[in-house]
Amino acid sequence: MGMLSRVGNIPIIIIPRNMITFPCAKINLGLNIIEKRTDGYHNLETVFYPIPLYDVLEIKSMDEHFPSEQPCDLKTTGNVIDCNESDNLVIKAYQLLSKDFKIPRVHAHLYKQIPPQAGLGGGSSDAAYMIRLLDERFRLNLGNAEMERYAAKLGADCAFFITSEPSFATGIGDCLSPVDTPKGNLKGYYLCIVKPDVAVSTKDAYADIVPHKAEKCCRDIVKQPIETWKNELKNDFELPVFARYPVLKDIKEELYHNGAVYASMSGSGSAIYGIFQNDPAPSLAQDFNACFFSCMKL
């Protein structure tokens, strides 16, 4: 039998020689591209919000006689990941920590449920949770701040997933501070996520952006009643991405048609989410039966 433990608010199941955790997805509550930096990246403002959609990540010690050329071998199941094993952020997280710490060889198994190329942060979450697993399993004694520093080297939004707490993000998405949403959270609402068979290139999405300072910061808007978000809380990527992929705009409109209090694209896409006061799954499931569709209570 396994034992359930927690590192911060991150659940980890400990089995002799094995450890399992559940990397979560996120949505963006507003996303404003403020300016282009001299290094080619963009400064932004957004609110990262964790949601109960999970991958499953397991590590276990590799026998010293196991014939592996790599110190961390990775098996992936579930949703298809279109990248080489060596490019997977789980492997990169292991390699990053092993430069500074003596870490034994491990087997890693990643079961993917978070759809890729959706703006939901699945790969970034997997990397951050791998850092947490390695820290816990091998007693590296890293604090959250140090793990966030390592995670930020792997991707702009990776640091957020170290604690997976609602956060206001600035810089390239790596500068985090706590944020309040209505009544402190969105608990009690229903979240519906729809992703069609569309892959949005982040590079292309940024190419069509004209950076500008938002009239009102998303950090302030999300503190307001959610009924005010529709007219004020914007994702700057929507305009250029919807022009390239009209189906995404259609999905957003359909979510509003079915009673969403607020709907938006997450990140640079291609997942569209709607927030509802009541469970929309019975009526929406038929409308989006050809897409990735998930409905959950927050």
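Begin by selecting Asp220 and Arg219, whose side chains meet in a salt bridge with N and O 3.8 Å apart. What you have open is a predicted model, and every distance on this tour is computed from its atoms. Colour the pair by accessibility, and you will find that Asp220, at 34% relative accessibility, counts as partly exposed, and that Arg219, also at 34%, counts as partly exposed.

**Further salt bridges**

The structure holds 10 salt bridges, and the next one to select is formed by Glu238 and Lys252, with the closest N and O atoms 2.7 Å apart. Glu238 lies in helix α7 (residues 238-244) and Lys252 in helix α8 (residues 246-257), so this salt bridge ties together parts that are 14 residues apart in sequence. Glu238 and Lys252 are both buried.

Move on to Asp55 and Lys112, where a salt bridge brings the side chains together at 2.5 Å, N to O. The pair links distant parts of the chain, since Asp55 is in the loop between β5 (42-54) and β6 (56-61), while Lys112 is in strand β8 (residues 106-112), 57 residues away. How buried is Asp55 in relative accessible area? The value for Asp55 is 0%, so this residue counts as buried, and Lys112, at 6% relative accessibility, counts as buried too. Add Asp126 to the selection, and you have a network in which salt bridges that share partners join Asp55, Lys112 and Asp126.

**The annotated positions**

Now select Lys26 and Asp157, which are covered by the annotation "active site" in an unreviewed UniProt entry. They span 132 residues in sequence, yet their C-alpha atoms are no more than 9.9 Å apart, so they gather at one spot.

Centre first on Lys26, which has its place in strand β4 (residues 24-36). With a relative accessibility of 4%, Lys26 counts as buried, and, when residues up to four places away in sequence are not counted, the residues it touches include Phe48, Tyr49, Pro50, Ile51, Phe160, Phe161, Ser266 and Gly267. Show the side chain of Asn28 as well, and a polar contact of 2.5 Å between the side chains of Lys26 and Asn28 comes into view.

Then shift to Asp157, found in the loop between α3 (144-152) and β9 (167-170). Is Asp157 buried or exposed? Its relative accessible area is 17%, and the cut-off for buried is under 20%, so Asp157 counts as buried. Leaving aside neighbours within four places in sequence, Asp157 is in contact with Lys26, Phe48, Gly121, Ser124 and Gly173. With Ser124 there is also a polar contact between the two side chains, at 2.5 Å.

**Helix α1**

Select helix α1, residues 89-98, and pick out its buried residues, which are Val90, Ile91, Ala93, Tyr94, Leu96 and Leu97. To see what covers them, display the surrounding elements, among them β6, β7 (72-78), β8, α2 (122-137) and α3. At the N-terminal end of α1, look for Asn88, which caps the helix with a side-chain oxygen lying 2.8 Å from the backbone nitrogen of Val90.

**Strand β13 and its partners**

The last stop is strand β13, residues 272-276, where 5 of the 5 residues are buried, so the strand is largely enclosed by the rest of the structure. In a regular strand the side chains alternate between the two faces of the sheet. Which residues of β13 are buried on each side? Ile272, Gly274 and Phe276 are buried on one side, and Tyr273 and Ile275 are buried on the other, so that both faces are covered.

Display strand β11 (residues 190-195) beside β13, and you will see the two pair in the antiparallel sense over 5 bridges, with Tyr190 having Phe276 of β13 as its bridge partner. Strand β12 (residues 262-265) also runs antiparallel to β13, joined to β13 by 4 bridges, and here Met265 stands opposite Ile272. β12 and β13 form a hairpin with 6 residues between them, and in its turn Gly267 has a positive phi of about 60°. Gly267 is also one of the residues that Lys26 touches, which brings the tour back to an annotated position.

Note on methods: Residues numbered from 1 in each chain as written. Predicted model: local features only at pLDDT ≥ 70, side-chain atom pairs only at ≥ 80, totals over all residues. Heavy atoms only, no water. Buried < 20%, exposed > 50% of the residue type's maximum accessible area, 1.4 Å probe, protein only. Pairing = 2+ DSSP bridges. UniProt positions renumbered as here; feature names shortened; annotations may be inferred. Contact = heavy atoms within 4.5 Å. Polar contact = N/O pair within 3.5 Å; in protein donor to acceptor, adjacent residues only side chain to side chain. Salt bridge = Lys/Arg side-chain N within 4 Å of Asp/Glu carboxyl O.
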